[in-house]
Amino acid sequence: MSTCDCFSGVPAGADYKPSGSFSTIAGFNVYKSSPQNAGSMCKGSILLFPDGFGLAKHNQRLADMYAKYGYETTIIDYFEGDALPDIFMKYMPGTDLDSYDIFTPEEKDIIRKIHMPTWLERHAPAHITSLIARFLPEFLKAVSSNYREDGSPDSTARNLHIIGHCFGGKHALNLARNESDVTSVVVFHPSFLEPSDTTHLIKPVFMGLAETDVFTPDLSSKMLSLLPGSGARYKLLVYGGTKHGFASRSDLGDEIAKAMFAEAFKDGLMWMESTSSGTAETVSC
């Protein structure tokens with residue numbers, strides 16, 4: 001199940017200048033942002049599973065924000081170049097595209113070619129899960145401080161946190177169940193969840209939900225019934241006055257939306273810091 005809010009929001013401004021860079025890992029395009037300040041504390045690594053817009057600028061902005069606080073952050077393009085264009089956020093599916101005066105003719109052509117049922121079928125959960133499984137081993141090796149020279153895991157490996165927004169929430173939770181290298185998981189306004197996604201969680205899980213979101217009532221009740229018995233450390237918050245997407249693609253020109261975006265970001269940081277082991281190092285990530 002999905003809602004229009006799954007694909008709505010406000011793109012990062014054209015004037016936003018990302019501080020990270022693009023590369024490939026295991027054949028997948030990634031965006032990586034590292035702490036920039038000389039002598040900054042390296043607190044660990046983040047693997048960010050993005051919403052349906054993949055490596056779009058608003059997700060790059062998130063990665064840059066986490067890097068500013070000491071986390072080397074990598075976003076994977078598990079859409080393999082087929083993520084939704086960020087102009088799609090401004091269109092309400094099912095409405096008359098020709099009535100919009102904010103799009104150029106070329107942008108309208110791009111939007112017309114998007115058929116959401118077909119797009120979702122191309123990026124079905126089982127397929128995305130298989131891609132992540134192919135990506136993870138090489139990614140973990142790329143997080144070089146987690147491995148000795150012979151490639152075996154280091155018992156003193158630094159912290160690795162998984163963050164999932166919207167589409168990516170489901171896959172972040174999957175790693176909370178069965179990935180030993182993960183320190184903790186942070187999920188905001190997840191979508192397309194099934195009952196199995198919230199059972200047998202082992203790693204600490206933080207989940208931030210929007211107040212106005214078709215997923216929230218069912219999801220919050222399920223989490224409250226399942227998490228206490230899982231044995232995992234968890235925190236579940238509902239952010240008042242928000243809608244789906246508030247933690248990643250909010251209208252930062254709106255003071256309330258901007259404040260909730262900042263609060264969610266801070267809560268995610270606090271969760272990662274509270275679940276991390278050891279102390280940060282003054283070294284390059």
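Is F167 buried or exposed? F167 is buried, because its relative accessible area is 6% and the cut-off for a buried residue is under 20%. Keep in mind that this is a predicted model. F167 makes a good starting point for a walk through the structure.

Look next at W119. W119 is buried too, with a relative accessible area of 3%. The rings of F7 and F88 come first, though. F7 and F88 form an edge-to-face aromatic pair. Their centres are 6.4 Å apart, and their planes meet at 65 degrees. The pair links distant parts of the chain. F7 sits in the segment before strand 1 (21-25). F88 sits in the loop between strand 4 (71-76) and helix 2 (105-112). In sequence, 81 residues separate F7 and F88. Both F7 and F88 are buried.

Now return to W119 and F167. Their ring centres lie 6.1 Å apart and their planes stand at 65 degrees, so this pair is edge-to-face. W119 belongs to helix 3 (residues 116-122), while F167 is in the loop between strand 5 (160-165) and helix 5 (169-178), so the pair ties together parts that are 48 residues apart in sequence. W119 and F167 also belong to an aromatic cluster, together with F49, Y78, F79 and F192. Across the whole structure, a search finds 21 aromatic pairs.

What surrounds these rings? In soluble globular proteins, nonpolar side chains tend to be buried together. Here, the largest nonpolar core has 53 residues. F49, F88, F139 and I162 have the most contacts inside this core. Helix 4 (residues 125-142) gives the most to the core, with seven residues. Another core lies apart from it, with 24 residues. That other core includes A210, F265, L269 and M272.

F88 deserves a second look. Which residues is F88 in contact with, leaving aside its neighbours within four places in sequence? They are F7, F53, P93, I111, I114 and M116. F7 is thus on two lists: F88 is in contact with F7, and the two rings form a pair.

There is also a gap to find. The count comes to one cavity of 30 Å³ or more. The largest cavity has a volume of about 30 Å³. Its lining holds C6, F7, G52, W119, L120, C166, F167 and F192. Seven of the lining residues are nonpolar, one is polar and none is charged. F7, W119 and F167, met above as ring partners, are among the residues of this lining.

Helix 5 comes next. Eight of its ten residues are buried, so helix 5 is largely enclosed by the rest of the structure. The buried ones are G169, K170, H171, A172, L173, N174, L175 and A176. They pack against strand 3 (44-49), helix 4, strand 5, strand 6 (184-188) and strand 7 (205-212).

Finish at helix 3, where R122 is found. R122 is partly exposed, with a relative accessible area of 43%. Not counting residues up to four places away in sequence, R122 touches D82 and H127. R122 and F79 are 43 residues apart in sequence, but their C-alpha atoms are 8.8 Å apart in space. F79 leads back to the aromatic cluster, where W119 and F167 are also found.

Methods. Residues numbered from 1 in each chain as written. Predicted model: local features only at pLDDT ≥ 70, side-chain atom pairs only at ≥ 80, totals over all residues. Heavy atoms only, no water. Core = buried A, V, L, I, M, F, W, Y, C linked by side-chain atoms within 4.5 Å. Buried < 20%, exposed > 50% of the residue type's maximum accessible area, 1.4 Å probe, protein only. Helix = DSSP H or I, 4+ residues; strand = E, 2+ residues; numbered from the N terminus. Contact = heavy atoms within 4.5 Å. 1 Å grid on protein atoms, 1.4 Å probe; cavity = no way out; pocket = protein on both sides within 12 Å on 5 of 7 lines; lining within 4 Å. Points joined across faces, edges and corners; volume = space filled by probe spheres on them. Nonpolar A, V, L, I, M, F, W, Y, C, P; charged D, E, K, R; others polar. Phe/Tyr/Trp six-rings, centres within 6.5 Å; stacked < 30°, edge-to-face > 60°.
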